[in-house]
Each structure stands twice: as C-alpha cells, then as structure tokens.
Amino acid sequence: MHRAAELRQTARMHLAFTKHAGKYDALVVTRPGRPPERIDCPKQGIIPHDMVHYAVESILAHRGFLSHVADGAAPALAMAAGASEEAVERLVETFQAELWGGEVPAADLLATYAHACDARDHPAAPVSPEDVAAIRIRLADLTARWGAVPVGGTLTLEF
C-alpha cells in the first residue's frame, strides 16, 4: 500500500477547522490560486467528519473527498463518487463508528468495512491491519488536538 504522504511532495491545500458554540463547527479550505471556501460541519461528539477524512486520506493513497477537493472540486456535501470515493467514504464511516463506540480488533473493523462496502454494492479498497494502526494513531492525535481547541479556536492541517 502506498502512503499518501509519499505521493504528495508538497501540501496542496490548508484545512482550517474552527470550533464554534452551537450545532456546527466550520472548515475553511484554502487552495493555491483560489479563494477560501467554507463548509459547515455538524457537531457529532467526536472530531468533525472531514477531519476523519483527513486521517484516512493522509495515510492511504485511496482517493476520497479531500483528494478531489485538493484537485479542484468544490467542497460540497454531495459529490459524484466512483468506486474509490465510495470505498473511502465507507472507511471513514467505519472509523467514525469506532470513535463513537470504542476500539475493536483491526480484523473486526476491516470486516465491518467490507460489509459496509458490500451493502452499498461496491468493492472495498485494500486496507491492511498496519494501515488501520496508522489511521488510529492519526485519529488519536487529531482527537487530542481538537479537544484542546477552545470555542472560537482553529486547528489547521495541510493536505
């Protein structure tokens, strides 16, 4: 499995997650040569959904939502999705479920992921137990960093 970091030589965009009071946080996407674009992020009791995308897509080379945004697509809640994007979305959802419910053995997480892909009638992307471990480390770091951000504060990531 190729790591996304090995494929990206320089950061192509900045993701500024701002914590707000109320039902929504915000993500401002800044890409070279384009005006910043904002996405409202519904609070879900864990890190924002698009931050989970960052954890997954910054570890794996599979293309998902952030990869398309980095390539110029508008950061919208709905986008045209092929098999890779669908597979990444199911993986993000699987990790979100784990963040809500607690860590499970990697084999169980991967089985849940495969089942979610089967239920949506698309193939799962190849993900190894080592990939799961690396994503979990990234998620733990992001969870700690996001937890330390005060209301009104921002956590900026490069992708």
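This is a guided tour of one predicted protein model, going from the whole chain to single residues.

Before selecting anything, note that residues are numbered from 1 along each chain as its sequence is written. Because the model is predicted, local features need pLDDT of at least 70 and side-chain atom pairs count only at pLDDT 80 or more, while totals for chains, interfaces and linings use all residues, and side-chain values use heavy atoms, with hydrogens and water left out.

**The whole chain**

Start with the full protein in a cartoon view, where there are 6 helices and 4 strands, and where the order along the sequence reads α-β-β-β-α-α-α-α-α-β. Helices here are DSSP runs of H or I with at least four residues, strands are runs of E with at least two, and both are numbered from the N terminus. Switch to a surface: the accessible surface comes to about 8000 Å², of which 57% belongs to carbon and sulfur atoms, with areas taken from the Shrake-Rupley method with a 1.4 Å probe, and with only the protein chains shown counting as cover for residues. Of the 159 residues, 42% are buried, where buried means under 20% relative accessible area, exposed means over 50%, and partly exposed lies in between (1.4 Å probe, protein chains only). If you compute a contact map, counting heavy atoms within 4.5 Å as contact, residues 24 or more positions apart account for 63% of the contacts with a separation of 6 or more.

**Helix 2 and its crossing with helix 6**

Next select residues 49–59, which form helix 2. This helix is largely enclosed by the rest of the structure, because 10 of its 11 residues are buried; among them are Asp50, His53 and Glu57. Now add helix 6, residues 129–147, whose axis comes within 9 Å of the helix 2 axis and crosses it at roughly 145°. The axes are lines fitted to C-alpha atoms, for helices over the stretch in contact, and the angles run from 0 to 180 degrees between N-to-C directions. This crossing is right-handed, the term for a near helix turned clockwise from the far one by less than a right angle, with anticlockwise being left-handed.

To see the side chains involved, show Met51, Val52, Tyr54, Ala55, Val56, Ser58 and Ile59 in helix 2, which meet Asp131, Ala134, Ile135, Arg138, Leu139, Leu142 and Trp146 in helix 6. By class, this contact has 11 nonpolar, 1 polar and 2 charged residues, if Ala, Val, Leu, Ile, Met, Phe, Trp, Tyr, Cys and Pro count as nonpolar, Asp, Glu, Lys and Arg as charged, and the others, Gly among them, as polar.

Stay in helix 2 and centre on Tyr54, which counts as buried at 11% relative accessibility. Leaving aside neighbours within four places in sequence, Tyr54 is in contact with Leu15, Leu66, Arg138, Leu142, Leu157, Glu158 and Phe159. Leu66 is 12 residues from Tyr54 in sequence, and the two are 7.0 Å apart from C-alpha to C-alpha.

**Arg12**

Move to the loop between helix 1 (4–7) and strand 1 (14–18), where Arg12 lies and counts as partly exposed at 31% relative accessibility. Beyond its neighbours within four places in sequence, Arg12 is in contact with Arg31, Pro32, Ser67, Ala70, Asp71 and Phe159. A distance to draw from Arg12 is the one to Val69, 57 residues apart along the chain, with 9.8 Å between the C-alpha atoms.

**Helix 4 and the loop before helix 6**

Select Glu86 in helix 4 (residues 83–101), which counts as partly exposed at 26% relative accessibility. Its C-alpha atom is separated by 9.3 Å from that of Ala125, 39 residues apart along the chain. Then go to the loop between helix 5 (106–119) and helix 6, the place of Asp121. Asp121 is exposed, with a relative accessible area of 71%, and its phi is near 60°, a positive value in a residue other than glycine. Pro126 lies in the loop between helix 5 and helix 6 and counts as exposed at 55% relative accessibility; Leu110 is 16 residues away from Pro126 in sequence and 9.7 Å away, C-alpha to C-alpha.

**The cysteines**

Finish by selecting Cys41, which counts as buried at 4% relative accessibility, and Cys117, which is buried with a relative accessible area of 0%. With a disulfide taken as a pair of cysteine sulfur atoms within 2.5 Å, the count comes to 0 disulfides.
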